[in-house]
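Me: Hello! I am new to this structure and would like a close look at one part of it. Could you then walk me outward from there?

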Amino acid sequence: MLRDLSVRCLFGCLTLLGLSIFGFALLAMLPGDFAEVVLINQMDGELPSAETLAKFKADEGFDEPLPVQYFAWLAATLRGNLGVSFTTGDPVTAELGLRMVATFRLVGLAFCLTVLMGGALGVIAALNRGSLLDRLVTVVAISGMSVPNFWQSLLFVLLFALVLGWAPSSGYGGFSHVILPATVIATASMGLTARFVRASLIEALSAPHVRTALAKGLSPRATLFSHALPAALPGILTLLGLQAARMFDGAIVVETIFAWPGLGRLFVDSILNRDYPVLQATILVVGATYILINLAVDCAAAALDPRMRRAV
Amino acid sequence: MTIRPILLAAALAVAAPALAPAPAIADSAADNKTLVVGTMWESLPLNMRARRSRFFNESEILDTLIKLDYDMNLVPGLATSWERTGPETFEFTLREGVTFHDGTPFDAEAAKLSLERVIALLPYAAGLLNVASIEASDPQTLTITTNEPFAALPNQLTDAITGIYAASSFDENGDFVQPVGTGPFRFVDYAKQQQTVVERFDDYWGDAPAFEQVIYRHIPDHNARTIALETGEIDISINPLPADVVRLKESDFKVLAEPSAGLYYGSFNTADDRPTGDVRVRRALDRLIDRSLIVEGALDGVGMPARSFFSPAFDWVPEGAPETPLDPDGAAALLTEAGYEKVDGSWVKDGEPLTLRILSYSTRTEMPLITDALSALLAREGIETSVELFTFPGMMEFVRAGDYDISIVFWTPEMTGHPDLHLKSQFTTDATLNFQNWSNAQFDALVNKGRGLDRGAEWDETYAEALQIMADEAMVLPLVHKVYTAATAPDVQGFRVHPSGFFYDFKSVEKGAE
Amino acid sequence: MSLVAPRTAPTAVQPRRPTGLSALTVVALFAALVVAGPFAAPYDPAAADFFNRLAAPSFAHPLGTDQLGRDVLSRLLAGLWTTPVAAAAVVVIALATGSAVGLAAAVIGGPLDLVVMRLTEALLTIPALAVALAIAGVLGINLSTVVVSLAVVHSGEYARLVRNVAIAEASATHVLAAKALGASPLRIALRHILPGLTRPVLSVAAFSFSFAALSFAGLSFLGLGTPPGSAEWGAMIAEARSHMRAHPHLVLAPGLAIVATVLLANLVGDALGDRRARPSALLSPPVTRKDRL
C-alpha cells in the first residue's frame with residue numbers, strides 16, 4: 001500500500017507539472033506582446049513607448065526564449081520564490097496568503113454544509129424510500145442542482161442583505177459575511193450529495209448481509225448505521241472529493257459577486273490582467289489542493305473498505 | 001467502529017478555518033469622525049508600480065506640485081507659481097512652511113529627490129514627463145529642463161504619479177516602502193483586498209479636514225458597492241451603476257455627477273480595403289448615430305452625448321473646436337455618394353450589405369452595453385454589424401492586425417488638461433498607438449507645433465485646426481463623454497466629484513446633522 | 001441513440017418503471033421546443049426600440065422589454081438556440097471522444113489504460129469552469145472555444161465511466177461466453193459491451209448537459225461566453241443586472257429559463273441513473289485489473 005501511495009504521489013506531482021505547463025502555454029498563446037500587456041496594465045491602459053518597453057523586457061527577463069522563461073520560473077518556484085505580481089507589485093506569496101485563507105474558509109464552510117445537509121437529506125430519503133418525504137427530498141435536491149449560482153447569489157443578496165438585513169451584502173469578514181456565499185456554493189453539491197447518498201444507501205441496503213441483518217430483526221435505523229453506511233461510505237467519500245473541485249468552480253463566480261477576496265477572484269483577475277506569476281501560483285495551489293484532497297479521500301476510502309485496500 | 005472518529009476529525013479539520021474569527025472590519029460608517037468610502041479599484045499604497053488610477057487615496061496622502069481644480073484648470077499645489085523661463089525650462093516657486101508626515105521639511109531638494117525616484121522606479125514616467133534634468137536652484141525654487149520644447153509640463157505635473165514623497169518613503173536602496181507625503185491625511189494601515197486606512201495629519205499646510213480617519217473599502221462589484229451604501233456599510237459609493245444612479249436619485253441618498261474628461265469612442269480602421277476606408281462612409285456614420293439614444297439605452301442617461309473629440313465642458317478646450325451635427329439625411333446622401341443604395345431597409349453596395357466588424361472589450365462594465373446599443377442603432381439604420389468582445393489586450397491584437405472596422409474604446413484624453421497627450425500619442429503618423437492606418441502630414445505638423453506653444457490665440461488656432469482635420473476626416477466616432485458619479489449617504493455633506501475621476505477631496509466633507 | 005433499457009442490465013433494485021420511455025419523451029419534447037421556440041418569437045430578438053425601454057409586462061410584451069427596448073420573451077425564446085445547443089454540443093463531443101478513449105483503454109489495456117486513467121483523474125480533479133474560463137479568456141470570446149474547452153474537461157468523466165463499466169461488463173457471463181466462442185475483441189466491444197454501457201452513459205450525459213449549461217451561462221454572465229447583445233440567458237442576466245432592483249423580471253425570467261432547462265436534464269439523468277442504482281460502480285475504480293479482456 002505504501003508503494004501504491006508513493007506512485008500516486010508521483011502522479012500527483014506530474015499532474016502539477018502538467019498544470020504549470022498548461023498555465024504557461026496558455027499565457028504564451030495569449031495574443032499580444034506579453035511584456036507590453038503587463039506594462040499597459042500598470043499604466044492603466046496607456047501604451048508604453050518602444051524604449052520603455054525594451055528596458056522593461058530586459059529588466060524582467062521577457063526577452064529570453066519561452067522555455068528559458070519557463071524553467072527560470074520552475075527553478076525559482078522550487079526554491080520557494082513565486083515572484084512578484086505584475087499587477088500590484090507585491091510578492092505572489094503575499095497575494096496568495098490572504099486569498100488562500102479566504103477561499104478555504106468559504107469552501108470549507110460550503111463543504112461542511114454539503115456534508116451535513118446533503119448527508120442528512122440523503123439518509124432521510126433512503127430510510128423513507130418511496131414515501132412522500134423521499135419525493136420531496138428528491139425535488140429539493142434536484143432543484144438545488146439546477147440553480148445557476150450567479151443568479152442565486154444575486155437573489156440572495158437582495159433578499160437576505162437588503163430586504164431582511166440578516167447578513168452583510170459583501171466583503172470579507174466573520175461568519176455573517178461567509179454564510180451567504182457558502183450557502184450558494186453548497187446548494188448544488190448538497191443536492192448531488194443527497195441524491196448520491198440516497199442511491200448508495202439503497203444499494204447497500206439491498207446487499208445480502210444487510211438483508212440478513214434486517215431479517216434477523218435489527219431495526220432499520222441500526223442496520224443503516226452499522227451495516228449500510230459503512231458499506232456506502234467509500235463511494236460517498238470519493239464523490240465528496242470530486243465535489244471539492246466543483247466548489248472552486250462555484251467560488252469563481254460567487255467570490256466576484258460577494259467581493260470575497262479568495263482564489264477564485266484572484267484567478268479571474270490574473271487571467272484578465274495576464275498576471276502570469278499570480279496565475280501560475282494560483283493554478284498550482286488549487287491543483288495541489290485538489291490532488292491532495294482526492295489522495296486523502298482515496299486513502300480514507302481504502303481504510304474504510306477492505307475491498308479497495310489493494311486498489312489504492 | 002472506526003468511521004465516526006475519522007469523520008469527526010475530518011469535519012473538525014474542515015470546519016475550523018471556516019468558523020475561525022476573521023480580522024474584524026471596523027463598522028465605522030456609523031461614526032461621525034470616520035468616513036468610509038467604497039471604491040471600485042483597490043488602492044495599493046505599499047507599492048508604486050500600478051500607480052495611475054490607484055491615486056485616489058493618495059490624493060489625500062500626497063500632494064503634487066500643481067493641481068487641477070474642479071474645472072480642470074491648473075492651480076497651485078506644492079508649487080505656488082511657475083514660469084516658463086525658456087523653451088525647454090520651467091521654474092517652480094515652492095510653498096513655504098510645508099512639513100512631511102515624518103516631520104522633515106519640504107523644499108526643492110526634497111521635490112527633486114522625489115521626482116527623480118519616481119522617474120527611476122516607474123518604467124513609463126520618463127516618457128510621460130519628458131524631463132532632461134531637475135535642479136534645486138535654491139530651497140524654494142525648482143528648475144526643470146525638458147528634452148524638447150514641452151509646454152504641457154505643468155499639466156503633466158498634475159499627474160497622479162508625480163506626487164511628492166518624503167525621503168523616508170524609500171529604503172536605503174531607493175526602493176519604495178510606503179507613502180510619506182505632505183497631504184491632509186497620513187497613511188496608517190493597508191489590508192490587502194480589503195481596505196486602506198488614513199488618519200488626519202495635524203500639521204497639514206492647508207485647512208484642517210473634519211474627519212479623523214478615512215477608510216477606503218475595496219468593493220469591486222458595482223452592484224455590491226451601492227448595496228453596501230444602502231445597508232449603511234459605507235458612506236460614499238464611487239462610480240455607482242447608471243441604473244442605481246437613476247434609482248438613488250428618487251431616494252434620500254445623494255447622487256453627485258460631474259461631466260468628465262473621459263470619452264467613449266469608436267476608432268475607425270481607415271485602411272483602403274475596409275468599408276471605413278472611405279471617408280464618406282465614416283462621415284456618414286458620424287452624422288447617422290444619435291448619441292443621445294446610446295446614452296439613454298446603455299447608460300440610463302448618465303453621460304453626455306459626444307459630438308466632438310474633447311468635451312466642450314472644459315475651459316482649456318480650444319476655441320472653435322468643431323462639432324458634428326446629427327444629420328440622417330446628410331448621412332444618407334454621403335452613403336449614396338459612396339456607392340451604397342438602400343434596398344429593403346439595408347444599405348447595399350454591389351449586392352453586398354454594408355457590414356461593420358466592431359471590436360470591444362468586456363473588462364469595463366459599460367463597454368458591452370455601449371457596443372450593444374451602437375450595434376442596435378446601426379441595425380435600425382440598415383447597417384449590419386458583427387461584434388466581438390475580448391479583454392483589452394486581446395482586442396488590441398486584432399486592432400494591430402487591422403482586422404476590424406471600428407474598435408470601441410474608452411480613453412481619458414485630457415486627464416491632465418492639455419490636448420497634446422492624446423493627439424500626439426494616438427493620432428500622429430508615427431504615434432505608437434496609431435493602428436488606424438491614418439496619416440495626415442498637416443495634422444502632424446499642427447500637433448508638433450502645439451506642443452511648444454503657450455496658451456493664447458495661436459495655441460487655440462493651432463489645436464482648433466488640428467481638431468477640424470480630425471472632424472473632416474472623421475477618423476474617430478465620438479460616442480459619449482463620461483459623467484463621473486458618486487452616491488453618498490444622506491448625512492454626508494460637501495463632497496464633490498472631480499472631473500478627472502482620479503482625485504477624491506475629503507478636506508471639506510462632513511458627516512452628521514448640520 | 002437508444003434509451004431502451006439494455007437486455008443485459010443488472011436486476012433492478014426497485015420495481016420496473018418505464019423511466020427510459022418517459023425520459024425519451026421529455027427529451028424529445030424539449031428538443032422540439034428548442035428547435036421550434038425561436039420561430040414562435042413575437043418580435044425580432046435583436047430589434048431595439050429606444051422609445052420603449054424597460055417596459056413593464058403587457059399584452060404586447062408579455063415579459064416586458066429590456067434596457068434597449070428589446071422584447072424579453074423573444075430573447076428568451078431565441079436563447080434556446082444558445083445555451084441548450086452549446087451544452088448539447090459539449091455533451092456530444094465529450095461523449096464521443098471520452099467513450100472512444102475509455103473503451104480503447106478497457107479493450108487494449110496495459111500502459112494505455114494506465115495513462116488514460118491518470119489523465120482522466122487529472123481532468124476530474126481540475127475545476128472545469130476555471131479551465132474553460134482560462135481558455136476563453138485567452139483565445140477570445142466565442143462559442144466554439146468555450147464549447148471545446150468544456151468538452152475537453154467533461155470527456156474525462158466519460159472515459160473513466162466507460163472504461164470502468166466496460167471492464168465490469170467484460171467479466172459478465174455473456175461476454176465470457178462470446179469470448180469462449182472466439183469473437184474478436186472489436187466484436188466483443190461493439191456487440192456485447194457497448195449495449196450495457198448505454199444507460200449509465202446516457203445518465204451521465206444528462207448530468208453533464210446540466211453542468212455544461214450552467215458553466216456556459218456562468219461564463220456568459222462573466223462576459224466570457226457570448227458576444228454582447230446575444231440573446232443568451234446568462235448574458236441577459238448580466239446586462240439586466242443593474243436594473244434588477246427596479247425591474248426584477250429582467251433577471252428572474254432568464255434565470256428561470258436556465259433553471260427549467262437544467263432541472264429537466266437533471267430529472268432525466270436522475271431517472272436513468274436511479275434504475276441502475278449502482279452509483280459506486282460508476283464513480284470509484286473498484287474494478288480489479290485481472291478482469292481485463
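What span should the 29 residues of helix α12 (residues 276–304) of chain A have at 1.5 Å a residue, and how far apart are its end C-alpha atoms?

Reply: Happy to help! Please keep in mind that this is a predicted model. At 1.5 Å a residue, the 29 residues of α12(A) should span 42 Å, and the end C-alpha atoms are indeed 42 Å apart, so expectation and model agree. If you multiply by hand, remember that the expected span is 1.5 Å times one less than the number of residues. This helix is also mostly covered, since 22 of its 29 residues are buried.

From a helix taken by itself, let us go to a pair of helices in chain C. This chain has eleven helices and zero strands, so read from the N terminus its elements run α-α-α-α-α-α-α-α-α-α-α. Of its 293 residues, 57% count as buried. Among the contacts in chain C with a separation of 6 or more, 74% come from residues 24 or more positions apart.

Within that chain, helix α8 (residues 185–221) packs against helix α9 (residues 233–240) at an angle of about 30 degrees, and their axes are 7 Å apart. The crossing of α8(C) and α9(C) is right-handed. On the α8(C) side, the residues that meet the partner are A217(C), S220(C) and F221(C), while α9(C) brings G234(C), A235(C), I237(C) and A238(C). Sorted by class, this contact has five nonpolar residues, two polar ones and no charged ones.

Chain B has strands to look at as well. Four of them form an open sheet in the order β4-β5-β7-β6, with antiparallel pairing. The edges belong to β4 (79–84) and β6 (131–138) of chain B; each has a single partner strand, so one side of each is left without a neighbour in the sheet. From one strand to the next, the twist averages 20 degrees.

We can cross this sheet strand by strand. Starting at one edge, β4(B) pairs with β5 (residues 89–94) of chain B in the antiparallel sense over five bridges. One spot to find on screen is S81(B), whose bridge partner in β5(B) is T93(B). Next, β5(B) pairs with β7(B), again antiparallel and over five bridges. There, F92(B) has L142(B) of β7(B) as its bridge partner. Finally, β7(B) pairs with β6(B) over six bridges, also in the antiparallel sense. In this last pairing, V131(B) stands opposite T146(B) of β7(B). β6(B) and β7(B) make a hairpin, with two residues between them. As for cover, five of the six residues of β7(B) are buried, so this strand is largely enclosed by the rest of the structure.

Chain B holds another open sheet, this one of three strands in the order β14-β15-β16, with antiparallel pairing. Here β14 (341–343) and β16 (352–353) of chain B stand at the edges with a single partner strand each, so each has one side without a neighbour in the sheet. Three bridges join β14(B) to β15 (residues 346–349) of chain B, and the two run antiparallel. Across this pair, K342(B) stands opposite W347(B) in β15(B).

Let us end with two residues of chain B, beginning with L377(B), which sits in helix α10 (residues 366–380) of that chain. Its relative accessibility is 2%, so L377(B) counts as buried; the cut-off for buried is under 20%. Leaving aside neighbours within four places in sequence, L377(B) is in contact with I289(B), D290(B), L293(B) and I294(B), and also with F50(C).

D315(B) lies in the loop between β13 (304–305) and α9 (328–337) of chain B. With a relative accessible area of 54%, D315(B) is exposed, because that term applies over 50%. Not counting residues up to four places away in sequence, D315(B) touches N73(B) and R455(B). D315(B) and N73(B) are 242 residues apart in sequence, yet their C-alpha atoms are 7.5 Å apart in space.

Methods
Residues are numbered from 1 along each chain as its sequence is written. Chains are lettered from A and ligands numbered from 1 in the order in which they are written. This is a predicted model: local features need pLDDT of at least 70, side-chain atom pairs count only at pLDDT 80 or more; totals for chains, interfaces and linings use all residues. Side-chain values use heavy atoms; hydrogens and water are left out. Two strands pair if DSSP finds at least two bridges between them. Helices (H or I, at least four residues) and strands (E, at least two) are DSSP runs, numbered from the N terminus. Axes are lines fitted to C-alpha atoms, for helices over the stretch in contact, and angles run from 0 to 180 degrees between N-to-C directions. Buried means under 20% relative accessible area, exposed over 50%, partly exposed in between (1.4 Å probe, protein chains only). Contact means heavy atoms within 4.5 Å. A crossing is left-handed if the near helix is turned anticlockwise from the far one by less than a right angle, and right-handed if clockwise. Ala, Val, Leu, Ile, Met, Phe, Trp, Tyr, Cys and Pro count as nonpolar, Asp, Glu, Lys and Arg as charged, and the others, Gly among them, as polar.
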